[in-house]
Amino acid sequence: MDQVLGLRSSNLQSPKNNKEHHTSEIGSQRLFVRRAQAFVITLNFDRPFHADSDKIVFTAETGPQPTESLGTKVRFVPSKARDGNRWSVFDFSTYENSLQVSLSSPANAIIGRYLLKVEISHPSGRAKSYQLGEFILLFNPWNSEDEVYLPSETQLQEYIMMDYGFIFKGHENWITPWPWNYGQFEDDIIDICFEILDRNLNFLNDPSKDYSQRNSVMYICRVVSAMINSNDDSGVLQGNWSEDHSTGINPLEWNGSVTILRQWHATGGQPVRYGQCWVFAAVMCTVMRCLGVPTRVVTSFRSAHNTDGNLTIDMFYDKRAEMVPWERRDKIWNFHVWNECWMTRKDLPAGHDGWQVLDPTPQETSRGVFCCGPASVRAVKEGDIQLAYDTPFVFAEVNADEVIWLQDSGQVKEVLSHNTSTIGKKISTKMVGSDKRQDITNSYKYPEGSAEERSVFMKASRILLGPTGSSYPYMERMRTAWFQEKPIKLQLKLARTPEWGQDLAFFLRARRLQGAEMGIKQLLLHVWLSGQALLHGGKVQAPLWRDELSFSLAQGEEKELPITLPFTHYKDQISDEKLIRLSGIVEIEQTRRKLLVIRDISLEMPHLIIEVFGQAVVDKKLSVSISFTNTQNEPLQNCVLVLEGSGLIEGQMTINLGTIQSGDTIQAEVDLLPTKEGSRQLQALVSCEEVKEIKGYKDIFVASASSS
């Protein structure tokens, strides 16, 4: 008579399952599977399995105190076919003493680490229970039942599988691609991602409830958005927007997410110093792609931070063309970087599925915590700012009006400029399958100045302020300025590419418009010019350069006046961002009217040259050369080269270059040992006392060892 079936061993078939679940990049020693997709395991018994008498029950548990009532513990028995609404075990096949079965979770299962058990019973004896092993369950964007389903294999390869990319920085007229190593499939990163979830405030307050909500991508997104910054918790990164980073790493010196996440883990959850917006967003991209949520990094140039909800950002200048400090917290970032995650939004009206804005940079609180989103990109475009979450804030980031005022002796005097189209420029992300930039501005708003764009703006204003109300303190003064035509068109134009280390050559172009100030034959003009180091947050430092000039303009006349800003004026005054704001105030002598002209300049950095010798093959030495020429007129001191690249280098490789004299070329030759096949990217950063962000990259295709 048969006794209770005894389990001798089990095989979770990790290599085979991981390949079918698009997780083999994470590893093959452990089992990583995705929701709503079957995976196969094998059980080896001490005798043949008899379906009519041997009863087996599987249990999957997650969280610190698994309970069936919260969905963190599930028991499921064999069925003829997969049931998409619940955990299932099906497709039995036997061979001698072995039993092979398929298991599957529902599409709304809780993601995380699971312990898989089996209980075996027989009519003639007691039941026996065995632990089969652990597995990790992830979101499944390949499955149409999952709320993160993305029906494009090309986009899935980009937004889930691609472990490197570009973040676009700089200025709207000088956009720079910044290579970044996301590294979401590096060893231990997936465990660090779940450690992040296990340190969030909700978990610390009620672990069981927190785990029970981890089936929702919206919940996970908000938790991760809060945990990437450290304003409320022991989050991953501490922000620092000052010029002093002596107690940590300058945000410009990070090459990728892996080092940051590993440092956070190694110190027991101490926030890593320091991050700014692009670092926060890049690390969140790593975490979300690792968890299985299609994610991309998005940059908006001239992004508003509107704190009072009136959709207006005020800036102030004095009569010497110097931008002056202001007490209000409103600001315009030179650029701001956030994330978009792809998901369905069953909590919103139809039509709001797809890309959602998530922003881990701590700007404002959302329901008491420093996080932002998910806000539907479609809702932002249509001005439906009443829809969750944080849509009014995101709308203002890309749509606020900019009003520039003349201030004298602390008093607001007059409007210098009212701009309805200078916020939210050239919204950018990496193009799918390419190193190029994709402009996605039209996803966020209608064309500037169009009837649709102004209609949406007014719709959002009414929702925020009511049909008649206004919280704008300078409304009456601004109304009087709206109808005054400018008699002169002014531009500050660059004469050549602005390179760091060189004098900056530009000219003031002034054209008198026909019909303006008809009673005055020659307009007598006096110009005050200033240059100020522009900080990332939109504020400026004290002027590093000033100039004045005078000229006259007849009706319809145009003049170009050459101007030079010497390198000696800005070499020790400029911020690490290498941005300068040139401002000019032109006063018409006869009318005392003042006009403002502004030009932000992003200085071009020297370039790295990266050469690869021979074909890249897994586990075969690959020689690489990185060379750099100091094109400056002065030496660069304490230079360090940092190399990084998932699948090419384990962690980072650091080489001290010392001092590089003016005109000298330095060359570093290194040997890499690629560990993963496919498309890879080597990121290189040279950082010196004078310049923090001399970056370069090289795309490298690594062949498998068998194909070489």
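**Figure 1. The largest pocket of the predicted model holds about 860 Å³ of space**. Its lining is made up of 32 residues, and those closest to the centre are Ser 24, Glu 25, Lys 676, Glu 677 and Arg 680. Helix H1 (14-20), helix H2 (153-161) and strand E36 are the elements that give two or more residues to this lining. H2 provides the largest share, 4 residues. Sorted by class, the lining of the largest pocket contains 10 nonpolar, 12 polar and 10 charged residues.

**Figure 2. The second largest pocket encloses about 750 Å³ of space**. Among its 25 lining residues, Thr 422, Leu 490, Val 597, Ile 598 and Arg 599 lie closest to the centre. At least two lining residues come from each of strand E19 (401-408), strand E20 (411-419), strand E23 (488-494) and strand E29 (594-602). Domain 2 (165-465) and domain 3 (485-602) each contribute at least three residues to the lining of the second largest pocket. The class counts for this lining are 8 nonpolar, 7 polar and 10 charged.

**Figure 3. Five strands form an open sheet in the order E31-E37-E36-E33-E34**. Pairing within the sheet is mixed. Strand E31 (616-617) and strand E34 (652-660) are the edge strands, each paired on one side only. E36, which also contributes to the lining of the largest pocket, has a place in this sheet between E37 and E33.

**Figure 4. Strands E36 and E37 pair in the antiparallel sense**. Strand E36 covers residues 678-687 and strand E37 covers residues 694-703, with 9 bridges between them. One of the bridge partners in E37 is Lys 695, which is matched with Leu 685.

Notes
Residues numbered from 1 in each chain as written. Predicted model: local features only at pLDDT ≥ 70, side-chain atom pairs only at ≥ 80, totals over all residues. Heavy atoms only, no water. Pairing = 2+ DSSP bridges. 1 Å grid on protein atoms, 1.4 Å probe; cavity = no way out; pocket = protein on both sides within 12 Å on 5 of 7 lines; lining within 4 Å. Points joined across faces, edges and corners; volume = space filled by probe spheres on them. Nonpolar A, V, L, I, M, F, W, Y, C, P; charged D, E, K, R; others polar. Domains from an automatic or database assignment.
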